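This briefing covers confidence, salt bridges, helix packing, selected buried residues and aromatic pairs. Please read it alongside the structure shown here.

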Amino acid sequence: MKQKKSTEDYLKTIYLLSRQGGVHGAAIAESLKVSRPTVSVALKALAQEGYVWMDKSRLVYLTDTGFQLAKEIYERHQTFQELLVSLGVDRETAAHDACEMEHSVGPESFAAIKRVLERIQETDM
């Protein structure tokens, strides 16, 4: 099922922040450059969709479903970024463009792009 871009951005951000420890709404707001009230509304929607939950201290956690989806989004991002870098795009531009690309490609096209990147990486070894 295709998610909204903002949902995917929140899930990916929570996933990345959680790798560094507990995730608070303020960290999400800072990372996404949005207000804390915006994050609060988004987290409520993500919780209703079954992607996140919060404990009593307001730390944010991904559910199993949210974790799996976030991991897939992050994999798409990393794949696009590495492909662009391997094509000569500077890392900062590649990271920015990968953020846009990760939301717009379907599973079949993504699998084909992954295969192309794997072939490029094999020839670089």
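A salt bridge here is a side-chain nitrogen of Lys or Arg within 4 Å of a carboxyl oxygen of Asp or Glu. The side chains of E8 and R76 fit that description, with N and O 3.3 Å apart. The model is predicted, and the mean pLDDT of its protein chain is 92.

**Confidence**
- In the protein chain, 97% of residues reach a pLDDT of 70 or more.
- Among the elements of the chain, strand β2 (residues 60-62) has the highest mean pLDDT, at 97.
- The lowest mean among the elements, 88, belongs to helix α6 (residues 107-124).

**Salt bridges**
- The count of salt bridges comes to five, among them the pair E8 and R76.
- E8 sits in helix α1 and R76 in helix α4 (residues 64-86), so this salt bridge ties together parts that are 68 residues apart in sequence.
- Both partners, E8 and R76, are buried.
- A salt bridge also joins D9 to K5, with the closest N and O atoms 3.0 Å apart.
- D9 and K5 are four residues apart in helix α1 (residues 5-18), which means that about one helical turn separates them.
- Are D9 and K5 buried or partly exposed? D9 has a relative accessible area of 17% and is therefore buried, since buried means under 20%. K5, at 37% relative accessibility, counts as partly exposed.
- R91 and E82 form a further salt bridge, their closest N and O atoms being 3.0 Å apart.
- R91 is partly exposed, with a relative accessible area of 44%, and E82 is also partly exposed, with 26%.

**Packing of α1 and α2**
- Helix α1 packs with helix α2 (residues 25-32) at an angle of about 115 degrees.
- The axes of α1 and α2 are 10 Å apart, and the crossing of α1 past α2 is right-handed.
- Which residues of α1 meet α2? They are D9, Y10, T13, I14 and L17.
- On the α2 side, the residues met are A27, I28, S31 and L32.
- D9 thus takes part in the meeting of α1 and α2 and in the salt bridge with K5.

**Q81 in helix α4**
- Q81 lies in helix α4 and is buried, with a relative accessible area of 9%.
- Leaving out neighbours within four places in sequence, Q81 is in contact with R91, A94, A95 and A98.
- R91, one of these contacts of Q81, is the residue that forms a salt bridge with E82.

**V52 in strand β1**
- V52 is found in strand β1 (residues 52-54).
- V52 counts as buried, because its relative accessibility is 3% and the cut-off for buried is under 20%.
- Not counting residues up to four places away in sequence, V52 touches L11, I14, L43, L46, A47, V60, Y61, L62 and T63.
- V52 and I14 are 38 residues apart in sequence, while their C-alpha atoms are 9.1 Å apart in space.
- I14 also belongs to the set of α1 residues that meet α2.

**Aromatic pairs**
- How many aromatic pairs does a search of the whole structure find? The search finds four.
- Ring pairs link Y15, F67 and Y74 into a cluster.

Definitions and conventions
Residues numbered from 1 in each chain as written. Predicted model: local features only at pLDDT ≥ 70, side-chain atom pairs only at ≥ 80, totals over all residues. Heavy atoms only, no water. Phe/Tyr/Trp six-rings, centres within 6.5 Å; stacked < 30°, edge-to-face > 60°. pLDDT = per-residue confidence, 0-100. Helix = DSSP H or I, 4+ residues; strand = E, 2+ residues; numbered from the N terminus. Buried < 20%, exposed > 50% of the residue type's maximum accessible area, 1.4 Å probe, protein only. Axes fitted to C-alpha atoms, helices over the stretch in contact; angles between N-to-C directions. Left-handed = near helix turned anticlockwise from the far one by under 90°. Contact = heavy atoms within 4.5 Å.
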